[in-house]
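Here are my notes from going through this one. Have the viewer open while you read, and jump around as you like.

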Amino acid sequence: MKIIENKNGIILEDVEDFDPKHIFECGQCFRWKLEDDNSYTGVAMGKVINVKREDNKIYIDNTNKKDYEEIWKDYFDMDTDYKQIKSNLKEFDEYLDKAVDFGWGIRILRQDSWEMLISFIISSNNRIPMIQRAIENLSEKYGKYIGEYRGKKYYAFPTPEELNKATQEEIRECKTGFRDKYIKSTCESIVESGIDVKEYRNISTEECCKELKKFNGVGPKVCDCIALFGMQKIDTFPVDVWVKRVMQEFYVDEDMSLPKIRKFAIDKFGDMAGYAQQYLFYYARELGIGK
């Protein structure tokens, strides 16, 4: 892969296994918006960038080579061999073979652990547009102002200290609904204890989930999402309505419970469970499998 700097960004040439639509629409992130030109503008790591694919080139606007090397290379998980991952997954069965081909450009983003903790608390029993609105409202009200891009103002996701300044009522005013008390409780726990949830990346998946479930509003499914998307615990398997449908369609009995589906998937896919989940989720949702 070649990295070329241009006027206001960089171009990645000869990139494989990278499609912005697949990456930003496979359920793992909430701050990326589709633009009229089929590019995606997103806020991550306190910065705003725009990503677009044309043929085998990825255009990343509003950045530079230094930021790519220090931030975006890790964020987009560019050092992971997705060609090998997909090859391994395709060997499991015909269903994953098709799902991997369908979502060939998926990469699991290495997102901010704290932001994922709050984002997936907000996601509980919630629709994506509402989740996005709540996260944007919290960022605008309590996060640092990043700057203007393409005529729109952008704000970083607030730190635990910044968000803890908000009362439960003020958090609810940001359209978080009943999750306001969970968000406030989590902020208070982290600020008072001095916990850096990013450190959970360095412990086992089992220990990580045990610690995450201590926060109010973090149940099994929310915990698995935070662990996978915020802690890089690739050996977990979040089960939501779409994953449940695709698993029932291809792998398990219709009356199997969510914990049993999760266990079945982890037993079957092992340390590749998280990757399998993303390809199966995207495949099921885009094609309406089991709907």
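The points below cover the open and closed spaces, helix H5, a few buried residues, two loops and the aromatic rings.

1. First, the usual caveat: this is a predicted model. Please read every number below as a value computed from that model.

2. Let's start with the largest pocket, which holds about 490 Å³ of space. Its lining runs to 24 residues, and those nearest the centre are Ser-123, Asn-126, Lys-221, Asp-240 and Phe-281. If you're thinking about the chemistry of the wall, the split is 13 nonpolar, 7 polar and 4 charged residues.

3. Which helices build that wall? At least two lining residues come from each of H5 (113-123), H6 (128-142), H11 (220-230), H12 (241-250) and H14 (273-287). Keep H5 and H14 in mind, as both come back below.

4. Now for closed space. How many cavities of 30 Å³ or more does a search of the whole structure find? The count is 1, with about 90 Å³ of space inside. Two elements, strand S4 (40-44) and H5, give two or more residues to the lining of this cavity. H5 has the largest share, at 3 residues.

5. Staying with the cavity, there are 14 lining residues, and Val-43, Tyr-75, Gln-111, Glu-115 and Met-116 sit nearest the centre. Sorted by class, the lining comes out as 9 nonpolar, 2 polar and 3 charged. Glu-115 and Met-116 are also on the list of buried residues in H5.

6. That brings us to H5 itself. How many of the residues of H5 are buried? The tally is 11 of 11. The buried set takes in polar-looking entries such as Ser-113, Ser-119 and Ser-123 alongside Trp-114, Leu-117, Phe-120, Ile-121 and Ile-122. As for what surrounds them, the buried residues of H5 pack against H6, H7 (160-164), H9 (180-193), H10 (205-212) and H11.

7. For a single-residue view of H5, pick Ile-118, which is part of that helix. Ile-118 counts as buried because its relative accessibility is 0%, below the 20% cut-off. Beyond its sequence neighbours up to four places away, Ile-118 touches Phe-157, Leu-163, Ile-183 and Thr-186. Pro-160 is 42 residues from Ile-118 in sequence, with a C-alpha to C-alpha distance of 9.6 Å.

8. Over to H14, where Gln-278 is found. Is Gln-278 buried or exposed? At 1% relative accessibility, Gln-278 is buried. Setting aside neighbours within four places in sequence, its contacts are Cys-26, Gln-28, Ile-106, Ile-108 and Phe-229.

9. Tyr-275 lies in H14 too, and Tyr-275 is buried with a relative accessible area of 10%. Not counting residues up to four places away in sequence, Tyr-275 touches Thr-80, Tyr-82, Ile-85, Leu-89, Ile-108 and Ile-234. Ile-108 therefore appears among the contacts of both Gln-278 and Tyr-275, given the 4.5 Å heavy-atom cut-off. For a sense of span, the C-alpha atoms of Tyr-275 and Asp-196 are 26 Å apart, with their positions 79 residues apart along the chain.

10. Two backbone angles to check if you care about geometry. Asp-17 has a phi near 55 degrees, positive although the residue isn't glycine. Asp-17 sits in the loop between strand S2 (9-13) and helix H1 (20-24) and is buried at 10% relative accessible area.

11. Gln-232 is the other one, with a positive phi near 60 degrees, again in a residue other than glycine. Its loop joins H11 and H12. With a relative accessible area of 17%, Gln-232 is buried.

12. Last, the rings. The count comes to 25 aromatic pairs. One cluster is formed by Phe-92, Tyr-95, Phe-102, Phe-237, Phe-250, Tyr-251, Phe-264, Phe-269, Tyr-282 and Tyr-283.

13. If you look at charges over rings, two are worth pulling up. Arg-245 lies over the face of Trp-242, 4.5 Å from the ring centre. Lys-181 lies over the face of Tyr-182, with 4.9 Å to the ring centre.

Conventions:
Residues are numbered from 1 along each chain as its sequence is written. This is a predicted model: local features need pLDDT of at least 70, side-chain atom pairs count only at pLDDT 80 or more; totals for chains, interfaces and linings use all residues. Side-chain values use heavy atoms; hydrogens and water are left out. On a 1 Å grid over the protein atoms alone, a cavity is a set of points where a 1.4 Å probe fits but cannot get out, and a pocket is an open set with protein on both sides within 12 Å along at least five of seven lines; lining residues have an atom within 4 Å of a point. Grid points are joined across faces, edges and corners, and a volume is the space filled by probe spheres set on the points. Helices (H or I, at least four residues) and strands (E, at least two) are DSSP runs, numbered from the N terminus. Ala, Val, Leu, Ile, Met, Phe, Trp, Tyr, Cys and Pro count as nonpolar, Asp, Glu, Lys and Arg as charged, and the others, Gly among them, as polar. Rings of Phe, Tyr and Trp (its six-membered ring) pair if their centres lie within 6.5 Å; planes under 30 degrees apart count as stacked, over 60 as edge-to-face and the rest as tilted. A charge sits over a ring if NZ of Lys or CZ of Arg is within 6 Å of the ring centre and within 35 degrees of the ring normal. Buried means under 20% relative accessible area, exposed over 50%, partly exposed in between (1.4 Å probe, protein chains only).
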